[in-house]
Amino acid sequence: MRIGIAGAGVAGLTVAWLLDGTHESVVLETREDLGGNLRSHRITDDHGITRTVDLGVREVSLEAFELFARLARGLGLTDADWDDRPVTHTVRRAGEEHPLYCGSLTWTAEQGEAARTVDLFTRAAADWAEKDLRWSVPLHDVVEPLPVSTEAKRDIIYALPAALWGCEVTEAAALSARAVGAVFASDAPAGQVPTAQTLRNGMQDVARRLAAGLRTTELRPRAALRRIRRVGERWEMTDCHGLAHHVDAIVLAVPADVVTDALQPLADTEPVRRALSAYHYENLRHGLHLDPCYL
Ligand SMILES: Cc1cc2nc3c(=O)[nH]c(=O)nc-3n(C[C@H](O)[C@H](O)[C@H](O)COP(=O)(O)OP(=O)(O)OC[C@H]3O[C@@H](n4cnc5c(N)ncnc54)[C@H](O)[C@@H]3O)c2cc1C
């Protein structure tokens, strides 16, 4: 079977890596660089020291992301390649000098309502998983009954997932409580700061290792997917150069708006396209301190 994969981010490359050897694949990618949001840059700081800076994915939890940890081991990454770093959260109200909360989800030096709210929130989140809460229940339904003030709910409980999901604090109330809980219920014992891992050589190393292991996969950077068409029993993927790739199955590992456009000519894809069109993208601008203290 020949598989057509659109997108050479970690999703597309991992599919290619898993299929490699048993199937032939072709991967179409818009950019020159592989890795998508695995995007590492080598920069030289003000002291002349060269470092790797990750602009996209920076940290993962090898403990919580079991599948990713297995993938990393399969790619030959060992403990020596990873650095541990503490996961902490700082919550600030605009215009106020001191943060409202500063600490991990299981440990803080802070006292008072903010700390009590975080504690209540993370314990409630663990309970949602324990009780197998339906994924469709919105955060609002399980947060509103919690015995903390309206301000604490807004400034802490809704603000934390809003920052992560990139939505307004008011919109966070509609997020799936179970999905939010999966992120904010920490397994770390109370009093200990949980850790996440960063890759010394930068996260893009994962993409490089995936690509290096490919034998029966054709990688096509600078070849954006433009159109998909059914041709008899097979599919035709046309890239931005007008080149047609004929495949038996397609994997779309590209942003939702790209999928929506690509599926446009295909019958019976309207419900999928409608669902995907709900995703909106914002441009992100990176600022980088070259002062090692802030880097
Ligand atoms: C700023 C930022 C920070 C993040 N930090 C973390 C973190 O610390 N830890 C974590 O676990 N996750 C983090 N994430 C989430 C993580 O980046 C994603 O979950 C993951 O990288 C998604 O991989 P993907 O392969 O699905 O998509 P992407 O990485 O988005 O890959 C999609 C690929 O498709 C390509 N493409 C687009 N259009 C076309 C087309 N028409 N034809 C062909 N190819 C196309 C793109 O160029 C890209 O290479 C972060 C995300 C962002 C944006």
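**Exercise 1.** Work out how H1 passes H8 and how the two helices are oriented.

*Solution.* Start with the handedness: H1 crosses H8 in a left-handed way, meaning that the near helix is turned anticlockwise from the far one by less than a right angle. Helices here are DSSP runs (H or I, at least four residues), numbered from the N terminus. Next, take the geometry: H1 covers residues 10-19 and H8 residues 204-212, with an angle of about 30° and axes 9 Å apart. Those axes are lines fitted to C-alpha atoms over the stretch in contact, and angles run from 0 to 180 degrees between N-to-C directions. So H1 and H8 are roughly parallel to each other (angles under 35 degrees count as that, while 65 to 115 is roughly perpendicular, over 145 roughly antiparallel and the rest oblique).

A quick word on the model: it is predicted, local features need pLDDT of at least 70, side-chain atom pairs count only at pLDDT 80 or more, and totals for chains, interfaces and linings use all residues. Residues are numbered from 1 along each chain as its sequence is written, and side-chain values use heavy atoms, with hydrogens and water left out.

**Exercise 2.** Do likewise for H3 and H7.

*Solution.* The axes of H3 (residues 113-130) and H7 (residues 177-184) come within 8 Å and cross at roughly 120°. That makes H3 oblique to H7. H3 passes H7 in a left-handed crossing.

**Exercise 3.** Find the backbone polar partners of the ligand's nitrogen atoms.

*Solution.* Look for N or O pairs within 3.5 Å. One ligand nitrogen sits 2.8 Å from a polar backbone atom of Leu 225. For Gly 56, the distance from a ligand nitrogen to a polar backbone atom is 3.5 Å.

How values were computed: A polar contact is a pair of N or O atoms within 3.5 Å; within protein, one must be able to donate a hydrogen and the other to accept it, and residues adjacent in sequence count only if both atoms are side-chain atoms.
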